[in-house]
Amino acid sequence: MNIIVWTITILTQNRFPKPDFESGYVYPEQHYITPNEALWSYIDVAVLALLMGFVAWAVVRKQVRLPVILTSVASVAYFGFFRNGCVCSIGAVQNVALALTSDAYSIPLYVVLLFLLPIVFALFFGRVFCAGVCPFGALQELVNVKNYKLSKAVTRVLGIFPWIYLGFAVLFAVTNSRFIICRFDPFVGIFRLGGELPLILFGVLLLIFSVFTGRPFCRFLCPYGAILSLFAKISFWQVKITKKECINCQLCHNACPADAIHPPYDNKVKESRPTGVNRILRYMVILPLAMAVGATVMYMLSDNFSKVNNDVQLYDMVIQNETQPQETQSLELQAFYGQGGTAEKLETHVAAIKKEFRLWSGTVGAFIGLVIGLTLITLSTKRTRQQYEVDGAHCVACGRCFTYCPQNNRT
């Protein structure tokens, strides 16, 4: 974005002719420095890959936590304060969604790399990006000193919100309306030491919660973390607490800030075959029903969602102005009428936008219904476990469990 602003500034320097002084005045020579933002973008990608590789080596191969702490400090310093928190794989979700659905939008290669690299690493090594490479997760990790546990039910219900956030982010991106992940980023204001006060206060509040419970933004808000969880669930080399035999001491479970270590559950009574079949049939009814309800509700609300679009807002302003003309028009209306715009042409354009919103709102609603249905199903099922096990989908690879496990401290 900065390079665009600088380019426009430079190109418009001579837009108007300079005054011709008769006094012999000589204009001073001017030099304009254009920042090589493209170079910095690929440096960011290289640093991202390097740090994720370092964390993967530490948590998967060596099972040590110190490199994660060092990476967190480096990430907050570089990606956070130096790069203003705007080198963001999280926000790249919107760019990718828009690029996949619009031929008019061209996505830069480095944005694609920012989006894909953490996913590739998650597929092989788990959520090493979340461990300390992401400046948002790193900042929360560095301030966390306590881990008050939330109940399983509360954690699972709150875990739905990242998927809902993801759904709305995609909805507003593919309709070319708004990049809400960037618009409502709670930590950028902190990294930039300025911004909108409500967002800064929200970021500070999240950090206060982070002191007492592990990573509330990562667990209950981050849409990109939700995507990574899908790939981390099936990663080739998942994080393991210890290479030795688990003694079920519970220390790792208490230390985990993401509540991603499941306790043993070995007294589960095996259900009969008819009971299992009936349970599966109920699930087959619940999921389509949840998707249908979600799609219907979102479809009915699509016109309200479309008001986020600038053109829809402009159309409402035009209709209001033509119904009740105002003596003083807004800048938007002045620009619209100044360019020869008419309400009829704008109405046709807005009708197409609302049609697109209805399509995507229904799709996103079905997706949200699917997530809610699957969450309810997972709350009702239990799997036999003999030992404490890491849940790869929710593990953020912070390495806290390594130092708490007595098996790792024995020679």
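**Loops, salt bridges and open spaces in the predicted model**

Asn248, with a relative accessibility of 34%, counts as partly exposed. The model that holds this residue is a predicted one. The assignment follows because values under 20% are called buried and values over 50% exposed, with partly exposed in between. Asn248 belongs to the loop between helix 14 and helix 15, and its phi is near 55°, a positive value in a residue other than glycine. Most residues other than glycine have a negative phi. Leu193 also has a phi near 55°, again a positive value in a residue that is not glycine. Leu193 is placed in the loop between helix 11 (188–191) and helix 12. At a relative accessible area of 73%, Leu193 is exposed, because this value is over the 50% cut-off.

Helix 12, which spans residues 197–212, contains Phe202. The relative accessibility of Phe202 is 32%, so this residue counts as partly exposed. Phe202 takes part in a nonpolar patch on the surface, together with Tyr148, Val204, Leu205, Ile208, Phe209 and Phe212. The accessible area of these residues together is about 660 Å².

Charged side chains were examined next. The structure holds nine salt bridges. One of them joins the side chains of Lys233 and Asp391, with a distance of 3.6 Å from N to O. Lys233 lies in the loop between helix 14 and helix 15 (251–255), whereas Asp391 lies in the loop between strand 2 and helix 21 (400–404), so this salt bridge ties together parts that are 158 residues apart in sequence. The two partners fall into separate accessibility classes: Lys233 is partly exposed at 49%, while Asp391 is buried at 6%.

A further salt bridge is formed by Arg358 and Asp303, whose closest N and O atoms are 3.5 Å apart. Here too, distant parts of the chain are linked, since Arg358 is in helix 20 and Asp303 is in helix 17 (residues 302–306), a separation of 55 residues. Arg358 has a relative accessible area of 28% and is therefore partly exposed. Asp303 is likewise partly exposed, at 34%. Lys307 and Asp316 make another such pair, with 3.8 Å between the closest N and O atoms. Lys307 is partly exposed at 42% relative accessibility, and Asp316 is partly exposed at 32%. In addition, a network of salt bridges links Arg65, Glu141, Arg215 and Arg400.

The analysis then turned to empty space within the model. Rolling a probe the size of a water molecule over the atoms shows where such space is left. The largest pocket holds about 1500 Å³ of space. Its lining consists of 46 residues, and those nearest the centre are Arg156, His262, Thr378, Asp391 and His394. Several elements give two or more residues to this lining: helix 8 (152–158), helix 9 (161–174), helix 13 (216–220), helix 14 (223–232), strand 1 (261–262), helix 20 (343–379) and strand 2 (389–390). Helix 20 contributes the most, with seven residues. Sorted by class, the pocket lining has 21 nonpolar, 13 polar and twelve charged residues. Asp391 thus appears in two parts of this description, because the buried residue that pairs with Lys233 in a salt bridge is also among the residues nearest the centre of the largest pocket.

Helix 14, one of the elements that help to line the largest pocket, also contains Gly225. Gly225 is buried, because its relative accessibility of 4% is under the 20% cut-off. The C-alpha atoms of Gly225 and Leu166 are separated by 9.8 Å, although these residues are 59 residues apart along the chain.

Enclosed spaces were also found. The count comes to six cavities of 30 Å³ or more, and the largest cavity contains about 100 Å³ of space. The largest cavity is lined by 15 residues, of which Cys256, Cys395, Cys398, Gly399 and Cys401 are the closest to its centre. Its lining comprises twelve nonpolar, two polar and one charged residues.

Key
Residues numbered from 1 in each chain as written. Predicted model: local features only at pLDDT ≥ 70, side-chain atom pairs only at ≥ 80, totals over all residues. Heavy atoms only, no water. Patch = residues over 30% accessible without salt bridge, like charges linked within 9 Å, V, L, I, M, F, W, Y side chains within 5 Å. Areas by Shrake-Rupley, 256 points an atom, 1.4 Å probe, with all protein chains shown as cover. Salt bridge = Lys/Arg side-chain N within 4 Å of Asp/Glu carboxyl O. Helix = DSSP H or I, 4+ residues; strand = E, 2+ residues; numbered from the N terminus. Buried < 20%, exposed > 50% of the residue type's maximum accessible area, 1.4 Å probe, protein only. 1 Å grid on protein atoms, 1.4 Å probe; cavity = no way out; pocket = protein on both sides within 12 Å on 5 of 7 lines; lining within 4 Å. Points joined across faces, edges and corners; volume = space filled by probe spheres on them. Nonpolar A, V, L, I, M, F, W, Y, C, P; charged D, E, K, R; others polar.
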